[in-house]
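Q: Could you take me on a close look at the sheet in this model? I'd like to know how its strands are arranged and what sits around them.

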Amino acid sequence: MMEFTLTRVVLCAAGILVLGAILTPVMDMFEERDDTSYQGQSDNIASMIDTFYASDAYEMTISLDKILPRDCEISLRNNVLTLHHGDRRFESLIDADTIADSESYGRGQMISLTKHDRTIIIKEVI
(Lines give C-alpha, C1' and ligand atoms only; values in the text may rest on other atoms or scores of the structure.)
Protein backbone atom coordinates (compact mmCIF):
# COMPACT_ATOMS: atom_id res chain seq x y z
CA MET A 1 0.00 0.00 0.00
CA MET A 2 2.88 2.32 0.82
CA GLU A 3 4.45 1.80 -2.62
CA PHE A 4 1.13 2.62 -4.32
CA THR A 5 0.83 5.95 -2.45
CA LEU A 6 4.47 6.79 -3.05
CA THR A 7 4.19 6.21 -6.82
CA ARG A 8 1.12 8.48 -6.97
CA VAL A 9 3.01 11.27 -5.17
CA VAL A 10 5.96 10.89 -7.56
CA LEU A 11 3.64 10.94 -10.60
CA CYS A 12 1.93 14.12 -9.36
CA ALA A 13 5.31 15.81 -8.80
CA ALA A 14 6.47 14.77 -12.29
CA GLY A 15 3.22 16.07 -13.79
CA ILE A 16 3.70 19.44 -12.11
CA LEU A 17 7.27 19.65 -13.45
CA VAL A 18 6.11 18.80 -17.00
CA LEU A 19 3.33 21.42 -16.82
CA GLY A 20 5.84 24.02 -15.61
CA ALA A 21 8.18 23.20 -18.48
CA ILE A 22 5.39 23.48 -21.07
CA LEU A 23 3.66 26.52 -19.60
CA THR A 24 6.68 28.87 -19.76
CA PRO A 25 7.14 28.76 -23.57
CA VAL A 26 3.39 29.04 -24.11
CA MET A 27 3.18 32.18 -21.94
CA ASP A 28 6.16 33.68 -23.81
CA MET A 29 4.35 33.01 -27.09
CA PHE A 30 1.27 34.93 -25.91
CA GLU A 31 3.40 37.87 -24.72
CA GLU A 32 5.19 37.98 -28.08
CA ARG A 33 1.82 37.98 -29.84
CA ASP A 34 0.73 40.97 -27.72
CA ASP A 35 3.91 42.86 -28.62
CA THR A 36 3.33 42.18 -32.32
CA SER A 37 -0.27 43.36 -32.02
CA TYR A 38 0.65 46.63 -30.29
CA GLN A 39 3.47 47.32 -32.77
CA GLY A 40 1.03 46.66 -35.62
CA GLN A 41 -1.47 49.12 -34.14
CA SER A 42 1.26 51.74 -33.77
CA ASP A 43 2.23 51.21 -37.42
CA ASN A 44 -1.43 51.46 -38.50
CA ILE A 45 -1.94 54.79 -36.72
CA ALA A 46 1.31 56.15 -38.22
CA SER A 47 0.17 54.98 -41.66
CA MET A 48 -3.16 56.76 -41.21
CA ILE A 49 -1.34 60.01 -40.36
CA ASP A 50 0.97 59.53 -43.37
CA THR A 51 -2.06 59.03 -45.63
CA PHE A 52 -3.57 62.25 -44.29
CA TYR A 53 -0.27 64.06 -44.86
CA ALA A 54 -0.12 62.86 -48.48
CA SER A 55 -3.77 63.73 -49.18
CA ASP A 56 -5.36 67.00 -50.30
CA ALA A 57 -7.20 67.34 -46.99
CA TYR A 58 -6.20 70.23 -44.75
CA GLU A 59 -7.61 69.01 -41.44
CA MET A 60 -8.65 65.70 -39.87
CA THR A 61 -10.30 64.90 -36.55
CA ILE A 62 -9.75 61.53 -34.88
CA SER A 63 -11.62 59.94 -31.97
CA LEU A 64 -8.96 57.98 -30.12
CA ASP A 65 -11.59 55.66 -28.62
CA LYS A 66 -11.92 54.13 -32.07
CA ILE A 67 -8.24 53.43 -32.74
CA LEU A 68 -6.42 52.98 -29.43
CA PRO A 69 -6.36 49.67 -27.56
CA ARG A 70 -7.47 49.73 -23.93
CA ASP A 71 -4.99 51.14 -21.42
CA CYS A 72 -2.89 52.73 -24.18
CA GLU A 73 -1.78 56.27 -24.95
CA ILE A 74 0.03 57.80 -27.90
CA SER A 75 2.60 60.55 -27.98
CA LEU A 76 3.88 62.35 -31.06
CA ARG A 77 7.27 64.05 -31.16
CA ASN A 78 8.98 65.25 -34.30
CA ASN A 79 8.31 62.40 -36.72
CA VAL A 80 7.89 59.56 -34.21
CA LEU A 81 4.60 58.15 -32.96
CA THR A 82 4.91 56.18 -29.73
CA LEU A 83 2.19 53.86 -28.45
CA HIS A 84 2.50 53.41 -24.67
CA HIS A 85 1.05 50.35 -22.96
CA GLY A 86 2.07 50.25 -19.33
CA ASP A 87 5.86 50.36 -19.24
CA ARG A 88 6.22 49.13 -22.84
CA ARG A 89 6.65 51.45 -25.83
CA PHE A 90 6.07 50.78 -29.52
CA GLU A 91 7.47 53.37 -31.94
CA SER A 92 6.62 54.07 -35.58
CA LEU A 93 7.96 56.71 -37.94
CA ILE A 94 5.76 59.35 -39.58
CA ASP A 95 6.66 61.11 -42.85
CA ALA A 96 5.88 64.60 -41.52
CA ASP A 97 7.20 66.43 -38.49
CA THR A 98 4.60 66.89 -35.78
CA ILE A 99 3.94 69.55 -33.19
CA ALA A 100 1.62 68.43 -30.37
CA ASP A 101 -0.06 70.56 -27.72
CA SER A 102 0.13 67.73 -25.15
CA GLU A 103 2.69 65.19 -23.97
CA SER A 104 0.32 62.30 -24.72
CA TYR A 105 -3.22 61.50 -25.77
CA GLY A 106 -5.40 58.66 -24.53
CA ARG A 107 -8.74 56.98 -25.03
CA GLY A 108 -11.69 59.28 -24.57
CA GLN A 109 -9.94 62.17 -26.32
CA MET A 110 -10.42 63.60 -29.78
CA ILE A 111 -7.52 65.17 -31.62
CA SER A 112 -7.37 67.45 -34.62
CA LEU A 113 -4.56 67.16 -37.16
CA THR A 114 -3.90 70.26 -39.27
CA LYS A 115 -1.32 70.64 -42.02
CA HIS A 116 0.96 73.65 -41.87
CA ASP A 117 3.78 73.72 -44.45
CA ARG A 118 5.65 70.42 -43.91
CA THR A 119 4.38 69.96 -40.38
CA ILE A 120 1.27 68.45 -38.83
CA ILE A 121 -0.07 70.34 -35.82
CA ILE A 122 -1.94 68.15 -33.32
CA LYS A 123 -4.39 69.67 -30.88
CA GLU A 124 -6.90 68.17 -28.50
CA VAL A 125 -10.50 68.90 -29.49
CA ILE A 126 -12.56 70.02 -26.51
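A: Happy to: here is a walk through the sheet, strand by strand, followed by some side chains around it.

Please keep in mind that this is a predicted model. The protein chain has two helices and six strands, and in sequence order these elements follow the pattern α-β-α-β-β-β-β-β. The six strands form an open sheet with mixed pairing, and their order across it is S1-S5-S6-S3-S2-S4. At the edges stand strand S1 (59-63) and S4, each with a single partner strand, so one side of each has no neighbour in the sheet. In general terms, strands of a sheet pair through backbone hydrogen bonds, in either a parallel or an antiparallel sense.

Let's start at the S1 edge. S1 pairs with S5 in the antiparallel sense, over five bridges. Glu-59 stands opposite Thr-114 in S5. On to the next pairing: S5 and strand S6 (residues 119-125) run antiparallel and are joined by seven bridges. Thr-114 turns up again here, with Ile-121 as its bridge partner in S6. Ser-112 likewise has a bridge partner in S6, namely Lys-123. As for burial, five of the seven residues of S5 are buried, so this strand is largely enclosed by the rest of the structure.

The connection between S5 and S6 deserves a pause. These two strands form a hairpin with two residues between them. Asp-117 lies in the loop between S5 and S6, and its phi is near 55°, a positive value in a residue other than glycine. That is worth a remark, because most residues other than glycine have a negative phi. Asp-117 counts as exposed, at 69% relative accessibility.

Now for the other end of the sheet. S2 and S3 pair in the antiparallel sense over seven bridges. They too form a hairpin with two residues between them, and in this turn Gly-86 has a positive phi of about 65°. A further positive phi belongs to Asn-78, near 55° in a residue other than glycine. Asn-78 is found within strand S2 (residues 72-85), and its bridge partner in S3 is Thr-98. Its relative accessibility is 54%, so Asn-78 counts as exposed. The S4 edge is reached through S2: S2 and S4 pair in the antiparallel sense over two bridges. In that pairing, Glu-73 has Gly-106 in S4 as its bridge partner.

Next, the loop that leads into S5. Gln-109 lies between strand S4 (105-106) and strand S5 (110-116). With a relative accessible area of 18%, Gln-109 is buried, the cut-off being under 20%. Its side chain is joined to that of Glu-124 by a polar contact of 3.0 Å. Setting aside neighbours within four places in sequence, Gln-109 is in contact with Ile-62, Ser-63, Leu-64, Asp-65, Ser-104 and Glu-124.

Aromatic rings come next. A pair of them is described by the distance of the centres and the angle of the planes. The count here comes to one aromatic pair. The rings of Tyr-38 and Phe-90 have centres 5.6 Å apart and planes at 25°, so this pair is stacked, since planes under 30 degrees apart count that way. The pair links distant parts of the chain: Tyr-38 is in helix H1 (residues 2-54) and Phe-90 in strand S3 (residues 88-100), 52 residues apart. Both partners count as buried, Tyr-38 at 14% relative accessibility and Phe-90 at 7%. Another ring has a charged group for company: Lys-115 lies over the face of Phe-52, at 5.3 Å from the ring centre.

Finally, some figures for the protein chain that holds this sheet. Buried residues make up 28% of its 126 residues. The chain exposes about 8700 Å², with carbon and sulfur atoms supplying 57% of that area. Among contacts between residues at least 6 apart in sequence, 53% join residues at least 24 apart.

Note on methods:
Residues numbered from 1 in each chain as written. Predicted model: local features only at pLDDT ≥ 70, side-chain atom pairs only at ≥ 80, totals over all residues. Heavy atoms only, no water. Phe/Tyr/Trp six-rings, centres within 6.5 Å; stacked < 30°, edge-to-face > 60°. Helix = DSSP H or I, 4+ residues; strand = E, 2+ residues; numbered from the N terminus. Buried < 20%, exposed > 50% of the residue type's maximum accessible area, 1.4 Å probe, protein only. Lys NZ or Arg CZ within 6 Å of the ring centre and 35° of its normal. Polar contact = N/O pair within 3.5 Å; in protein donor to acceptor, adjacent residues only side chain to side chain. Contact = heavy atoms within 4.5 Å. Areas by Shrake-Rupley, 256 points an atom, 1.4 Å probe, with all protein chains shown as cover. Pairing = 2+ DSSP bridges.
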